[in-house]
Amino acid sequence: MKIEPKIMRNVCLTAHPKGCAAEVEKQIAWVSKKPRDRKTPQRVLVIGGSTGYGLASRITAAFWGKADTVSVSFERSATEKRTGTPGWYNNRAFDRAARREGLKAVTIEGDAFSHEIKDRTVQAIKKKLGGAVDLVIYSLASPMRIDPDTGAKYTSVLKPLKEPFTGVTVDMMSGEVSSVTVEPADEQAAEETVKVMGGEDWKLWIDKLREADVLAEGVQAVAYSYIGPELTFPIYREGTIGRAKEDLEQKAQLISESLSDLSGSAYVSVNKALVTRASAVIPVVPLYISILYKVMKEKGLHEGCIEQIYRMFRDRLYAGGEVPCDEEGRIRLDDYEMQEDVQEDVHQLWHQASSENLPSISDIEGFRSEYLRLHGFDCPGVDYEEDADPRSIE
Ligand code: NAI
């Protein structure tokens with residue numbers, strides 16, 4: 001069948017198998033060319049390793065660092081008539097490339113919050129990786145979590161706390177800029193968001209891996225966070241998700257303490273705002289990203305997921321010596337984004353934004369194209385007129 005993008009409210013419901021595979025290969029090709037001049041981890045677990053920052057982490061570990069990897073992700077498989085999720089295709093493209101390079105790769109698809117998937121991961125590390133992991137990346141972005149002990153279901157929401165927030169946002173496909181008001185979350189919704197996107201499950205993972213004796217001496221654990229500028233504070237850092245990220249940051253301390261006898265440590269890495277499936281649905285953020293891309297591209301500072309994560313490996317985690325952190329102990333990869341000159345320019349453009357001038361004051365085209373490519377569309381060299389089998393990346 002012919003596979004086309006179906007996008008509703010910044011959510012793409014389809015994905016192209018060959019396009020997704022081409023995008024994975026592109027990241028692999030980019031990072032493979034980088035000189036291998038660091039001692040990097042040899043066995044790596046990525047929780048949330050099928051798309052976005054997690055996929056870039058797995059690719060960097062494997063194709064720059066030559067690590068064997070295990071990845072956990074939650075994906076919908078393809079059928080004869082329906083496409084799978086992009087992560088489902090990415091996983092297959094990753095496995096194919098790892099086989100080609102002679103790297104071990106175990107790809108586990110299922111709910112990372114469940115006991116079953118944690119147990120399967122432990123078994124995979126023991127039996128297939130043949131040794132303990134020296135890096136664990138936690139890169140989940142999930143709308144919900146079911147507690148496997150109680151059956152309680154928690155939902156994460158992207159809302160302000162205390163007061164309604166009105167801001168401007170953009171519909172990616174039409175380019176229409178409009179005002180949006182988001183009502184504040186009540187306390188229960190805020191607490192549920194912390195349950196889903198905070199650090200509790202990260203700690204459960206590390207405890208489980210530790211008990212099973214699959215963490216190596218000197219292991220490092222990293223989870224991803226975001227801060228961003230004041231423009232997005234009400235909806236992000238000071239909203240429900242920000243509260244969850246604060247919890248994640250606090251858990252990093254606890255996890256670090258629990259790893260001290262292995263001489264291990266845990267970090268939160270604050271990354272740059274980027275187009276991913278998760279970020280496209282946060283109100284206000286797509287407009288911010290479109291403007292940010294324009295400013296950063298013009299200044300030669302733009303990075304995508306793979307460039308950010310490669311920099312985290314090369315200049316932060318494995319630079320040799322102490323890992324450079326801010327005063328709160330966080331790794332900062334948002335340093336270019338938060339540069340004063342970048343933020344000043346973004347701020348100025350932000351206040352001018354309208355549907356009419358959007359193409360000239362922002363990189364909405366770059367945003368759109370990158371979002372499509374995340375789903376395997378708009379990729380150079382892929383024939384979209386050709387009949388494609390949704391079940392195969394070949
Ligand atoms: P993404 O949506 O591209 O990736 C999310 C990953 O989580 C996927 O691999 C998905 O399969 C997996 N996942 C979701 N629910 C799962 C479940 N129940 N069980 C197993 N796997 C599950 O998201 P993105 O943007 O890469 O986000 C990853 C982390 O990076 C998040 O913590 C996010 O807050 C953080 N971050 C994102 C930024 C951005 O601008 N995109 C900026 C800074 C941090």
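**Getting to know this predicted model**

Biologist: Which residue in E6 stands opposite Ile 47?
Modeller: First, this is a predicted model, where local features need pLDDT of at least 70, side-chain atom pairs count only at pLDDT 80 or more, and totals for chains, interfaces and linings use all residues. Residues are numbered from 1 along each chain as its sequence is written, and side-chain values use heavy atoms, leaving out hydrogens and water. Strand E3 (residues 43-47) runs parallel to strand E6 (residues 133-138), joined by four bridges; strands (E, at least two residues) and helices (H or I, at least four) are DSSP runs numbered from the N terminus, and two strands pair if DSSP finds at least two bridges between them. Across from Ile 47 in E6 you will find Tyr 138.

Biologist: Which are the edge strands of the open sheet?
Modeller: The sheet has seven strands with parallel pairing, in the order E5-E4-E3-E6-E11-E12-E13. An edge strand here pairs on one side only, and that holds for strand E5 (105-109) and strand E13 (331-332).

Biologist: What stands opposite Val 170 in E10?
Modeller: Here the pairing is antiparallel: strand E9 (residues 165-170) meets strand E10 (residues 177-182) over six bridges. The hairpin has six residues between the strands, and Gly 175 takes a positive phi near 75 degrees there. The partner of Val 170 in E10 is Val 177.

Biologist: How far apart in space are Val 168 and Pro 283, C-alpha to C-alpha?
Modeller: Val 168 lies in strand E9. Val 168 counts as partly exposed because its relative accessibility is 24%; buried means under 20%, exposed over 50%, and partly exposed in between (1.4 Å probe, protein chains only). Val 168 and Pro 283 are 115 residues apart in sequence, yet their C-alpha atoms are separated by 8.2 Å.

Biologist: Is Arg 9 buried or exposed?
Modeller: Look for Arg 9 in the loop between strand E1 (7-8) and E2. Arg 9 has a positive phi of about 45 degrees, although it is not a glycine. Because its relative accessibility is 76%, Arg 9 counts as exposed.

Biologist: What is the relative accessibility of Asp 213?
Modeller: Asp 213 sits in the loop between helix H6 (200-211) and E11. Its phi is near 60 degrees, a positive value in a residue other than glycine. Asp 213 counts as exposed because its relative accessibility is 64%.

Biologist: How far is a backbone N or O atom of Ala 112 from a nitrogen atom of the ligand?
Modeller: Ala 112 is among the residues that come nearest of the 29 around the ligand, including Ser 50 and Glu 75; near means having a heavy atom within 4 Å. Polar contacts are pairs of N or O atoms within 3.5 Å; within protein, one must be able to donate a hydrogen and the other to accept it, and residues adjacent in sequence count only if both atoms are side-chain atoms. A backbone N or O atom of Gly 110 lies 3.4 Å from a nitrogen atom of the ligand. For Ala 112, the distance is 2.8 Å.

Biologist: How much of the ligand's accessible area does the protein cover?
Modeller: A polar backbone atom of Ala 141 is 3.4 Å from an oxygen atom of the ligand. On its own, the ligand has 840 Å² of accessible area (Shrake-Rupley method, 1.4 Å probe). The share covered by the protein is 92%.
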